[in-house]
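Me: Got a minute to go through a model with me? I'd like the overall picture.

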Amino acid sequence: MFIQKNYKECIAMLLAGEQGSRLAALTQTLANPAVSFGGKYRIIDFALSNCVHSGIDTVGVLTQYQPLLLNRYIGNGQPWDLDRITGGVYILPPYIRSSGAAWYSGTANAIYQNMEFIESYEPKYLLVLSGDHVYKMDYSAMLKFHQAMEADCTVGVVEVPMSEACQYGIMNTDSEGKIVEFEEKPKEPKSNLASMGVYIFTWEILKKYLTEDDNDPASENDFGKNIIPNMLAGGQNMLAYTFEGYWRDVGTLDSFHQANMDMLEDISFGRDDWSIYSRTVATPPQVIGKTGKVSNCIVTSGCEIYGTVENSVLSYNVVVEKGAVVRDSVVMANTVIKRGAVVNYAILDEMSVVEENDKIGGDKESGSPITVVERDLMGSISYSFAD
């Protein structure tokens, strides 16, 4: 089969197919990266926007779990300037080959199954990204570091508090930043350099390890559990690249809620020369009625506020009726909070309805867990709590 070659020095592969069990309450009908965030965004917007700003104009998005909404949302890539004749954004689900069909069995296998796509661009470097992190990062600076250090693999890392290091994949390095050990969520971490889920590989090196991994029946086909340890054991030149900006893994309900609250402290996410792009929904302007009171909030277009909203993030077309109160909460699109209802320290899924005089959520200051109002596959509403 003839495949036209379109040469690119570096292309990106964005892993967007996980079920997201830690965000299960919000991912019954969509994949993690498609979850609404910050009022007008979806989580995947951050990685896609970073790519474009970094000059990486060819992005493969690997989907598997509940891909319909994500596929529709990305479309032809126009909102992120990825509707290119050469390059652009491509949705890459598992597919049937002459040898048979198989789901992606892990992050490494997802890349392996799409080697033909990667090879069509003959890249020298491959950027591998996770689709469930919120951050602004110049990948081109990391690529220059990778090139200057003649690395085989460069892993983006952030410094986290030592008390939280056990929650992450940790890179242990020597005095020159060379990775000497990788530990997945260690009980007693040796360092606080947490993997960001951002990797740059020299493609010819990675291709060798992906092929060997696929031929290993005992492998879990995972970058963290297999590829990175195997490359370390093989003596490859592996370096940590420390990122000093804001970064948060939003894979849990607590971290998802906190990242939304962080936007209230720093609304520059979309207001500087590193804008986060999204597919905008056509909605009328927001309305704050005579009885409406809003304090320290993000209120997206289409919202109608006749009650009180404080320290909260509201996506588009949310209605807060007269006498209702919303505090310290994340409210997703097309949700209605009726008269006299109180929502406190909660996450409300899209198209939720809080009935008159209902009281949802506890007191954040007293240590109550986050309450989640979710919809199941049939559209029924139920309540649950973060662990």
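Reply: Sure, here is a quick tour of the fold, the core and the surface.
Reply: This is a predicted model, where local features need pLDDT of at least 70, side-chain atom pairs count only at pLDDT 80 or more, and totals for chains, interfaces and linings use all residues. Numbering runs from 1 along each chain as its sequence is written, and side-chain values use heavy atoms, with hydrogens and water left out.

Me: How many helices and strands are in the chain?
Reply: Eight helices and 29 strands, counted as DSSP runs (H or I, at least four residues, for helices; E, at least two, for strands).

Me: And why call it as compact as a globular protein of that length?
Reply: Because its radius of gyration is 22 Å, close to the 21 Å from the globule rule for 387 residues. That is taken over C-alpha atoms, and the rule is 2.2 Å times the number of residues to the power 0.38.

Me: Which residues have the most contacts inside the largest nonpolar core?
Reply: Leu129, Tyr139 and Phe256, in a core of 65 residues. A core here means buried Ala, Val, Leu, Ile, Met, Phe, Trp, Tyr and Cys joined through side-chain atoms within 4.5 Å, with buried meaning under 20% relative accessible area (1.4 Å probe, protein chains only).
Reply: Apart from it lies another core of 34 residues, Phe117 and Phe201 among them.

Me: What does Phe256 touch?
Reply: Leaving out residues up to four places away in sequence, its partners include Leu23, Phe37, Val250 and Met332; contact is heavy atoms within 4.5 Å.

Me: Switching topic, how much of the chain is buried?
Reply: 55% of the 387 residues.

Definitions and conventions:
Buried < 20%, exposed > 50% of the residue type's maximum accessible area, 1.4 Å probe, protein only.
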